[in-house]
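Got your viewer open and a selection box ready? Load the model and follow along.

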Amino acid sequence: MDGSSPPSPPPRPYASALFSSKGAGVGRRALLAAVLVVGLLSGCTYYSFSGASIPSHLETIAIPIAQDNSTSPINTLGNDLTEELTNRFVDRTSLSLTTNDSEADALLEATIQQYTNRPTGVSGNERATTNQVTIRVKVRYTDQKKNKEILNQTFNGVAKYNPGEAGLSGRRQALQNAIENVADDIFTTATSDW
């Protein structure tokens, strides 16, 4: 042995070197970029949109049948909307449904103000090619434990259909889609402001 110290290991590359022109080659940069993208994407797959943010002091909710003040020819509109709202607030949160409005921790009241089914597209022979169903709903959501109004807002649910091709069944499906759309908007708004 010549008395000299053993050779030191080569310096370790850092992430910044992988992106510099003096650092690793294009292959390593591409590999690092691919690993980062896969890591980000796999992280997103574990994120759930089904839950909602509800304060821990709220355990029960009352959702009376929606009052229908529209001139809709559909006599089940209030029940249909109430069912969709109940599905969202009970199935997607920790809230339990109660029929006692005065003893519920939270109260969700909905009033259907308007229902329309109007042509939005017309063919050359003046026949409707597209109709739009719109339902306008006024909502009041109250935290009854804290005597605080959480939400007081009007929402619109909209859906389109082709009356020439789909006829009455198309109108029914469009109405169901409009109800689901407005229920989704109400639920999202009511549970995102906590």
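Below is a short walk through strands, a loop and two helices. Keep in mind that this is a predicted model.

**Stop 1: the strands around E4**

Select E4, residues 106-122. Now add E1, residues 60-62: the two strands run parallel and are joined by 2 bridges. To see one of the pairings, pick alanine 62, whose bridge partner in E4 is leucine 107.

Next, bring in E2, residues 67-68, which also pairs with E4 in the parallel sense, over 2 bridges. Here glutamine 67 stands opposite threonine 111 of E4.

Then show E5, residues 128-143. How many bridges link E4 and E5, and in which sense do they pair? There are 15 bridges, and the sense is antiparallel. Zoom to leucine 108 and you can find its E5 partner, tyrosine 141.

**Stop 2: the loop after E5**

Follow the chain out of E5 and pick lysine 145, in the loop that leads to strand E6 (148-161). Leaving out residues up to four places away in sequence, lysine 145 touches His57 and Asp105. Turn on side chains and look at the histidine: a polar side-chain atom of lysine 145 lies 3.3 Å from the backbone oxygen of histidine 57. Along the chain these two are 88 residues apart, yet their C-alpha atoms are separated by 7.9 Å.

**Stop 3: threonine 86 in H3**

Jump to helix H3, residues 77-91, and select threonine 86. Is threonine 86 buried or exposed? Its relative accessibility is 16%, and buried means under 20%, so threonine 86 counts as buried. The side chain of threonine 86 reaches the backbone oxygen of threonine 82, at 2.8 Å. Those two sit four places apart in the numbering. On an α-helix there are 3.6 residues a turn, so residues three or four places apart point the same way. Beyond its neighbours within four places in sequence, threonine 86 is in contact with Ile63, Asp91 and Leu97.

**Stop 4: the bent helix H4**

Finish with H4, residues 163-192. At its start, a side-chain oxygen of asparagine 162 comes to within 2.9 Å of the backbone nitrogen of glycine 164. Now put a distance between the end C-alpha atoms: they are only 36 Å apart, short of the 44 Å a straight helix of 30 residues would reach at 1.5 Å a residue. Where does H4 bend? Centre on serine 169, where the bend is about 70°.

Lastly, colour the buried residues of H4, among them Gly170, Leu175, Val182 and Phe187. The buried residues of H4 pack against H3, E4, E5 and E6.

How values were computed:
Residues numbered from 1 in each chain as written. Predicted model: local features only at pLDDT ≥ 70, side-chain atom pairs only at ≥ 80, totals over all residues. Heavy atoms only, no water. Helix = DSSP H or I, 4+ residues; strand = E, 2+ residues; numbered from the N terminus. Buried < 20%, exposed > 50% of the residue type's maximum accessible area, 1.4 Å probe, protein only. Polar contact = N/O pair within 3.5 Å; in protein donor to acceptor, adjacent residues only side chain to side chain. Contact = heavy atoms within 4.5 Å. Pairing = 2+ DSSP bridges. Expected span 1.5 Å × (residues − 1). Bend = angle between axes of the 7 residues up to and from the residue.
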